[in-house]
Amino acid sequence: MPKSPTASDTTRPSIAHPTPATGPTITHNTPTPGPTAESAAAATASNAARTAPTGSSTGATTPHAGDAAGPDILPSGAGPTGGGSGARRAMVVLAHHRADSLSAHIAARTVDRLTTAGYAIDYLDLYRENFDPRMTVADQPDWDNRDKIYSPETEAHMRRLLAAEVVVVVFPVYWQSVPAILKGWIDNVWNYGFAYGRSKPRLAGKRVLWLGLAGAAADDEIIAGMQQVLEAQLNEGIAYYSGFADSHVGLLPDAEEQPQSIDPEGNLVIGEAISGEARTAHYAAFEAKADGFVDALLTASRVAA
Ligand SMILES: Cc1cc2nc3c(=O)[nH]c(=O)nc-3n(C[C@H](O)[C@H](O)[C@H](O)COP(=O)(O)O)c2cc1C
């Protein structure tokens with residue numbers, strides 16, 4: 001079993017991710033550090049917080065386009081940032097409510113890496129853009145009509161997805177699946193008549209990488225099954241069903257600082273938090289693993305000369 005997903009102090013450590021002192025840090029273009037979901041949503045409403053993470057690679061070892069060159073403000077309807085005209089387009093989707101989460105950090109590194117590789121980036125932070133994951137009648141006025149008109153919001157998301165050649169989705173694994181906000185984005189945007197249900201799927205040929213951060217330890221026997229479940233759902237059930245040419249699940253276990261497992265009696269066992277050099281090494285390895293998944297996507301997407 002995975003760790004208990006409750007938010008109590010005993011089952012889920014407080015934010016125990018990289019701190020500025022020893023681990024990688026992320027810096028956002030927000031006026032205050034570590035905005036709450038509420039403040040991020042409020043800022044998003046004013047359009048000021050449609051800000052992609054920058055400076056994500058502080059303390060990291062991988063080359064990137066430079067902190068200042070991270071994707072800037074992405075106002076509604078604006079094109080992707082970075083890359084020259086004619087650059088290949090990538091979409092990075094983040095599904096996490098905390099701007100200082102490890103997931104956000106990995107998303108920022110991914111943006112940097114793709115930017116360095118020459119991609120123009122469309123950064124979609126579902127929380128900060130205040131995405132509403134609920135299915136609406138407007139988006140399913142007539143299930144059987146694959147030519148139905150979707151809501152303007154959903155159509156805007158469809159256009160963004162259509163424009164991307166490669167897509168990287170970064171999320172914390174929740175109950176061996178994706179968080180509800182990400183599921184809602186898929187349900188609404190990868191809709192019948194758009195993503196599937198046509199003789200030639202509109203998304204055909206695209207590549208997607210699903211980067212899932214998991215609290216379970218890498219040596220927890222639950223990880224193998226988690227990989228299979230996610231692959232069945234995300235690769236087979238969603239991406240290939242929608243005509244994607246390539247879909248890969250990059251599972252990133254050990255996302256928690258305190259190793260957690262369930263003993264044979266069903267008790268949650270929380271280990272000591274790592275610190276010092278062990279902590280630094282832990283996050284360096286974590287980042288390297290994430291980078292490796294992105295690099296594999298870039299290699300697979302390379303156009304033969
Ligand atoms: C609702 C919920 C469900 C979770 N389910 C799982 C799970 O099934 N397997 C697992 O390994 N970790 C699970 N976790 C732990 C998260 O995956 C982990 O805390 C997260 O990846 C840490 O990264 P973050 O700081 O970006 O949130 C769950 C956490 C929550 C809050």
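**Close-up views of a predicted model**

**Figure 1. Glutamine 260 lies in strand β6, which spans residues 260–262.** The model shown here and in the following views is a predicted one. Glutamine 260 counts as buried because 20 C-beta neighbours lie inside 10 Å. Its C-alpha atom is separated by 7.5 Å from that of glycine 215, although the two residues are 45 residues apart along the chain. In the chain as a whole, 40% of the 305 residues count as buried. Among contacts between residues at least 6 apart in sequence, 78% join residues at least 24 apart.

**Figure 2. The chain contains six helices and seven strands.** Followed along the sequence, these elements give the pattern α-β-α-β-α-β-α-β-α-β-β-β-α. Five of the strands form an open sheet with parallel pairing, in the order β2-β1-β3-β4-β5. The edge strands are β2 and β5 (246–252), each of which pairs on one side only. On average, neighbouring strands of this sheet are turned by 15 degrees against each other, direction ignored. In general, the strands of a sheet pair through backbone hydrogen bonds, either parallel or antiparallel.

**Figure 3. Strand β1 (residues 89–94) is largely enclosed by the rest of the structure, because six of its six residues are buried.** From β1, Arg89, Met91 and Val93 point one way. Ala90, Val92 and Leu94 point the other way, and the residues of both groups are buried. Strand β1 runs parallel to strand β2 (residues 120–125), and six bridges join the two. Within this pairing, arginine 89 stands opposite alanine 120 of β2. Strand β1 also runs parallel to strand β3 (residues 166–172), to which five bridges join it. There, valine 92 of β1 has valine 168 of β3 as its bridge partner.

**Figure 4. Helices α2 and α6 pack on the five-stranded sheet.** Helix α2 touches β1, β2, β3 and β4 (207–213). The direction of α2 makes about 175 degrees with that of β1. Helix α6 touches β3, β4 and β5. The direction of α6 makes about 170 degrees with that of β4.

**Figure 5. Strand β4 is largely enclosed by the rest of the structure, because seven of its seven residues are buried.** On one side, Arg207, Leu209, Leu211 and Leu213 point away from the strand. Val208, Trp210 and Gly212 point the other way, and the residues of both groups are buried. Seven bridges join β4 to β3, and these two strands run parallel. In this pairing, valine 167 stands opposite valine 208 of β4.

**Figure 6. Helix α2 (residues 102–116) and helix α6 (residues 276–301) cross at roughly 45 degrees.** Two packed helices are described by the angle between their axes and the distance between the axes. The axes of α2 and α6 come within 10 Å. The crossing angle makes α2 oblique to α6. The crossing of α2 past α6 is right-handed. From α2, the residues Ile106, Arg109, Thr110 and Arg113 take part in the contact. They meet Glu287, Ala290, Asp291 and Val294 of α6. By class, this contact has three nonpolar, one polar and four charged residues.

**Figure 7. Asparagine 130 has a positive phi of about 60 degrees, although it is not a glycine.** Most residues other than glycine have a negative phi, and most peptide bonds are trans. Asparagine 130 is placed in the loop between β2 and α3 (152–163). This residue is partly exposed, with 16 other C-beta atoms within 10 Å.

**Figure 8. Aspartate 254 is a residue other than glycine with a positive phi, near 70 degrees.** The loop between β5 and β6 holds aspartate 254. With 21 other C-beta atoms within 10 Å, aspartate 254 is buried, whereas asparagine 130 is partly exposed. The cut-off explains these two assignments: a residue is buried if 20 or more other C-beta atoms lie within 10 Å of its own, exposed if 12 or fewer, and partly exposed in between.

Conventions:
Residues are numbered from 1 along each chain as its sequence is written. This is a predicted model: local features need pLDDT of at least 70, side-chain atom pairs count only at pLDDT 80 or more; totals for chains, interfaces and linings use all residues. Axes are lines fitted to C-alpha atoms, for helices over the stretch in contact, and angles run from 0 to 180 degrees between N-to-C directions. Helices (H or I, at least four residues) and strands (E, at least two) are DSSP runs, numbered from the N terminus. Angles under 35 degrees count as roughly parallel, over 145 as roughly antiparallel, 65 to 115 as roughly perpendicular and the rest as oblique. A crossing is left-handed if the near helix is turned anticlockwise from the far one by less than a right angle, and right-handed if clockwise. Two residues are in contact if their C-beta atoms, placed from the backbone, lie within 7 Å. Ala, Val, Leu, Ile, Met, Phe, Trp, Tyr, Cys and Pro count as nonpolar, Asp, Glu, Lys and Arg as charged, and the others, Gly among them, as polar. Two strands pair if DSSP finds at least two bridges between them.
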